Amino acid sequence: MKRIAIIGGGISGLTAAFTLEQRRRTGVPLEYVLYESSSRLGGVISTERVDGCVVEAGPDSFLTEKPWAADLCRELGLEDQLIGSNDTERKTYILLKGRLVPIPDGLMFMVPTRILPVVFSSLFSPLTKFRIAREWFHSPASSDQDESVAEFVERHYGSELVERLVDPLLSGVYGGDSSQLSVRAVLPRFAEMEASHGSLGRAMLAGRKKIVYASSGSPRPLFTSLKDGMQQMTNALAARLSAPSIRLGTPVRQLKFKEDGWLVSAAGAREPFDYLIIATPAHAAAIIMQSVSPELANDLRGIPYSSSVTATLGYDHSVRTSLRPGFGFLVPRSEGRRLLAATFVHNKFPHRAPEDRALIRCFFGGSRDEEILQLHEDEILRIAREELRQILGISAEPLFTRIYKWKAAMAQYTVGHLERLDRIDRRLRQQLPGLALAGNAYRGIGVPDCVHSGKQAAEQALFAMGLTSSAAVPTAARSEP
């Protein structure tokens, strides 16, 4: 009987445990233990229902283009619970000099693919519009050197597009700074498009049919979620696991690596395992790996994280009718606000709020405003309401509010991230063959990436122990960002 320890009960650790549980039920001789330091499973995925509204504490959806999360939901019997974003209402605004300006049509993840909407937009200056048009004639180019997203995009479109579009978008998605994030780690497709086409606009159009349409030819929504919230997924995963295998409120205190496996010390007991999967944030993994491999711990500790705060405010029908159509807005740093972005949740997805309710979700923090995490919830709410009043003209009292703080939750793939991962992979292969790493610290921060990394870690463990004939890629949570 082979034994596997999984440390961390977020979506990556749960997926790893579920993958092992499926094999166990088919008669594969294995057992696993899932250690989670907190009192609940799911990590940052958490959903509340308040006044008939679905309120997400963490991620509210995942990219449809990445199949792993939706595939997992289907395995769990949740296919009829999957919902797509209301893309007919997918309009997003940028706050520019105190007023909301729509992002022009034809932008595909910050890449302009239609010239006329850009020409008639007030979002960009004439010089930037000229650079966008000129970008169509860029020649293919490639480089072995990593660079920041800001440097890469500025070469194609200029600094204004970085300031007004790219930086606020990445602040909202990654909680990061475009001048620090690695283009090869965060947007590897962009580097590939530059090498193959030169122009990002021409490359994006060339691949548009493949990206936007499924094999059936019907359009796919940009985002996917679940009717009753993202916690449906983690609840379903937890329900499929062997109850005796779950150890809640049980932080791992110490690890010891031996030739024949691992000793895991937790809750005053020490247990032997043949294989170990660590599915915690990298900074937590570094702490428990320090005594085993200081070199690996240093590399893990070198992956920076940012914190985030979300404030969700529920309003009545009068506020809902006063809001602009669309998914919400982004706030460039030059506007001098603490608010990074706001989502009109009732517009983005069905089943999120009754027809007489407005649900606005505000985002704060990121790599530039870690200090907001220290503020009292009342002060965060005051800031949210004041900035919504100034931007949207909302002065009404909210019917309800919810504030969630996530300290050091968003891994930052800074320049040189892939080189760090190469070092980690070498250490795992050469020094610690009985260890796999999973989570958002490595090759993708989204829910699908975490699902994929957890499944691959479990498959890697099964192969290493001779329990399956198919091998996962033996690296730190390898997936396609």
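**Threonine 128 and two enclosed helices**

Beyond its neighbours within four places in sequence, threonine 128 is in contact with Tyr157, Glu160 and Leu161. In this predicted model, threonine 128 sits in helix 4, which covers residues 126-135. Its relative accessibility comes out at 5%, so threonine 128 counts as buried, given that the cut-off for buried is under 20%.

Two of those partners, Glu160 and Leu161, are themselves buried residues of helix 6. Helix 6 (residues 159-174) isn't quite straight: for its 16 residues, the end C-alpha atoms are only 20 Å apart, whereas a straight helix would reach 22 Å at 1.5 Å a residue. There is a kink of about 35 degrees at valine 166, shortly before proline 168. Both Val166 and Pro168 are buried. Because twelve of its 16 residues are buried, helix 6 is largely enclosed by the rest of the structure. Right after it comes glycine 175, with a positive phi near 65 degrees.

Helix 1 (residues 11-25) has 15 residues and spans 21 Å from first C-alpha to last, close to the 21 Å expected at 1.5 Å a residue. Eleven of the 15 residues are buried, so helix 1, too, is largely enclosed by the rest of the structure. The buried set is Ile11, Ser12, Gly13, Leu14, Thr15, Ala16, Ala17, Phe18, Thr19, Leu20 and Glu21. These residues pack against strand 1 (2-7), strand 2 (30-35) and strand 16 (275-278), along with helix 2 (68-75), helix 11 (231-239) and helix 18 (447-464). Here as well a glycine follows the helix: glycine 27, whose phi is positive, near 100 degrees.

Technical notes. Residues are numbered from 1 along each chain as its sequence is written. This is a predicted model: local features need pLDDT of at least 70, side-chain atom pairs count only at pLDDT 80 or more; totals for chains, interfaces and linings use all residues. Side-chain values use heavy atoms; hydrogens and water are left out. Helices (H or I, at least four residues) and strands (E, at least two) are DSSP runs, numbered from the N terminus. Buried means under 20% relative accessible area, exposed over 50%, partly exposed in between (1.4 Å probe, protein chains only). Contact means heavy atoms within 4.5 Å. The expected span of a helix is 1.5 Å times one less than its number of residues. The bend at a residue is the angle between axes fitted to the seven residues ending there and the seven starting there.
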